[in-house]
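Trainee: Got a minute to go through this one with me? I'd like to start with how far to trust it.

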Amino acid sequence: MTPRLDNSAQDLLRELAPTVLGTLLRRYRNFGGCEDAVQESLIAAAMQWPTQGVPDNPKGWLITVATRRLTDQIRADTARRLREHLVVSLIPADEQIALAADAAGVNERDETLDLYFMCCHPALSESSQIALTLRVVGGLTTGEIARAFLVPEGTMAQRLTRAKHTIESAGRSFPELTADDRAARLPAVLKVLYLIFSEGYTTSGGDELCRLDLSDEAIRVARLLLQLLPDRPEVGGLLALMLLTDARRAARTGPNGELIPLDEQVRSCWNQERISEGKRVLERALGQGVVGPYQVQAAIAALHDEAPSTEATDWPQILALYDVLVRFQDNPMASLSRAIALAMVNGPADGLAALDVLAVDPRLSTHHRLAAARAHLLERTGRHAEAIDQYRRAAQRTTNTPERDYLLLRAARLNDSLVRSS
Amino acid sequence: MKYMLMMNVPSGGPYQIAGWPAADITAHIAFMRNFARKLSAAGELVGAEGLSGPDQAKLVRAGAGGEPITDGVFPESKEFLAGYWIVDVDTPERAYAIAAEASAAPGPGGKPLNLAIEVRQVMSGPTDDCIPGA
């Protein structure tokens, strides 16, 4: 077996991948070709560095190898097309590299940043944006991404290829983005990172030993984005939200993968390092003065993380924050959480009344979360038979296995106690 | 050779897990997880999925222009597919043994459910003996 790259070298590769791609794109513009070349250079590094050692200038090494691959590929393509069309030979590219590598005046930061925005090109579907972001910005291999989403590698490879074609046919492959473009696309980038995080957070995990941890990846990429955009408070808000949520991950599932709700979690298992980092990032973001939905959600997560128990949680403050959040976005899930916070402050009857108001929203009326929230509040008011009915209804509607198991068990436990007492 | 093991459960029959006591649900879930883990560790598991309930199922047919015509109401059937495993094993007997193990998943009171598991071989490419000269 060939020696493997150690973790720090792997991290270094993933960190360098977007910068190398940014550099190549600036010179050659061809997104699909550059992307393939960068992947090949990463594979070459993974094979050569363990025996030859990490080069003194790893970024320069990757750029040189990727450029060589790209020129080889373009030469081959050109030879094929030569009869039709004698296009510019890219042979001088080999010389260009000496000139351009780390040349002064080039804004490397913007180049790397633009990769994030390109991966979230509006012409791409959400699943393509996610895959491309992990590949291009995250520096993951197609195989790693495929395993993370539990789809065959061929399927993921095809999704990535189509995504690259879509970007190229949508216009210039690597357009110069204006400040306005960047501002307009930032929410899409943040959303993609949050979706990647949620995918990792909500899957049960544990079974798949070789499965990459998507939550960790999302956090890593969000950290990189914050380095590039330190003055955008919502980037900090998103990173803080991820850290403050991820802090509870170990306490969130039981030995059989079943979901453990917040009020039953062993709080000493929460990751204090994550919590303090999240709070630091959040404070910095809030200090920048422009509040947004990610910062508000992070602030709510921080209040939960700080509380020694459900009873000792600052629910009035959480309710106030949900009021702010609901004003930011017309998100039915935020309204649902607000109703639960209201129940914690004013009692379950008020919460149930708020849920009745929300139930007319067609996005919520048949959603399992509505039934689950009703079930919890009905249980708290002592209406156990109705609660059991709602828990079972929610279990029938959810498509998440740990969540379904949790809801079924919750109904069964209540039913057991009803049977015993009758 | 690959086999698909299908767990068809009768609607309204004993596999109405929602009505079981909590301890029995927990035991059943633990059995299923452990079962998949064992198959995976043995290198026999190709894939396994549980399906959401039949009340969310739709019947879809192509319309005149190829557009999907969705039938919202699923016809009452005696059985529905609750989930499946695909295993890669050396002999059909091994596939049957795995199916029997799944069939004995614990139900109410910890008693084996003895559900009927449908075992079907997955079609594959030609075997050596039908390639001339191989």
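Mentor: Start with pLDDT, which is the predictor's confidence in each residue, from 0 to 100. This is a predicted model, and the mean pLDDT of chain A is 85.

Trainee: What share of chain A's residues reach 70 or more?

Mentor: 88% of them do.

Trainee: And where does pLDDT stay under 50 in chain A?

Mentor: Over residues 83-106, where the model has 17 contacts beyond four places in sequence. Residues 204-210 of chain A also stay under 50, with eight such contacts.

Trainee: Switching to the contact between the chains. How many residues does each chain put in?

Mentor: Chain A and chain B each contribute 15 residues. On the chain B side, helix α1 (residues 22-41) gives the most, with seven residues.

Trainee: How does that side of chain B divide into nonpolar, polar and charged?

Mentor: Eight nonpolar, four polar and three charged.

Trainee: OK, cores. Which residues have the most contacts inside the largest nonpolar one?

Mentor: L24(A) and L193(A), in a core of 114 residues. Domain 1 (1-105) and domain 2 (107-229) of chain A each supply at least three residues to this core.

Trainee: What does L24(A) touch, leaving out residues up to four places away in sequence?

Mentor: C34(A), A37(A), V38(A), A66(A), T67(A) and L70(A).

Trainee: Which residues are in the other core?

Mentor: That one lies apart from the largest core and has eleven residues, including L5(B), M7(B), W85(B) and A95(B). As background, nonpolar side chains tend to be buried together in soluble globular proteins.

Conventions
Residues are numbered from 1 along each chain as its sequence is written. Chains are lettered from A and ligands numbered from 1 in the order in which they are written. This is a predicted model: local features need pLDDT of at least 70, side-chain atom pairs count only at pLDDT 80 or more; totals for chains, interfaces and linings use all residues. Two residues are in contact if their C-beta atoms, placed from the backbone, lie within 7 Å. Helices (H or I, at least four residues) and strands (E, at least two) are DSSP runs, numbered from the N terminus. Ala, Val, Leu, Ile, Met, Phe, Trp, Tyr, Cys and Pro count as nonpolar, Asp, Glu, Lys and Arg as charged, and the others, Gly among them, as polar. A nonpolar core is a set of buried Ala, Val, Leu, Ile, Met, Phe, Trp, Tyr and Cys residues joined through C-beta atoms within 7 Å. A residue is buried if 20 or more other C-beta atoms lie within 10 Å of its own, exposed if 12 or fewer, and partly exposed in between; C-beta atoms are placed from the backbone. Domain bounds come from an automatic or database domain assignment.
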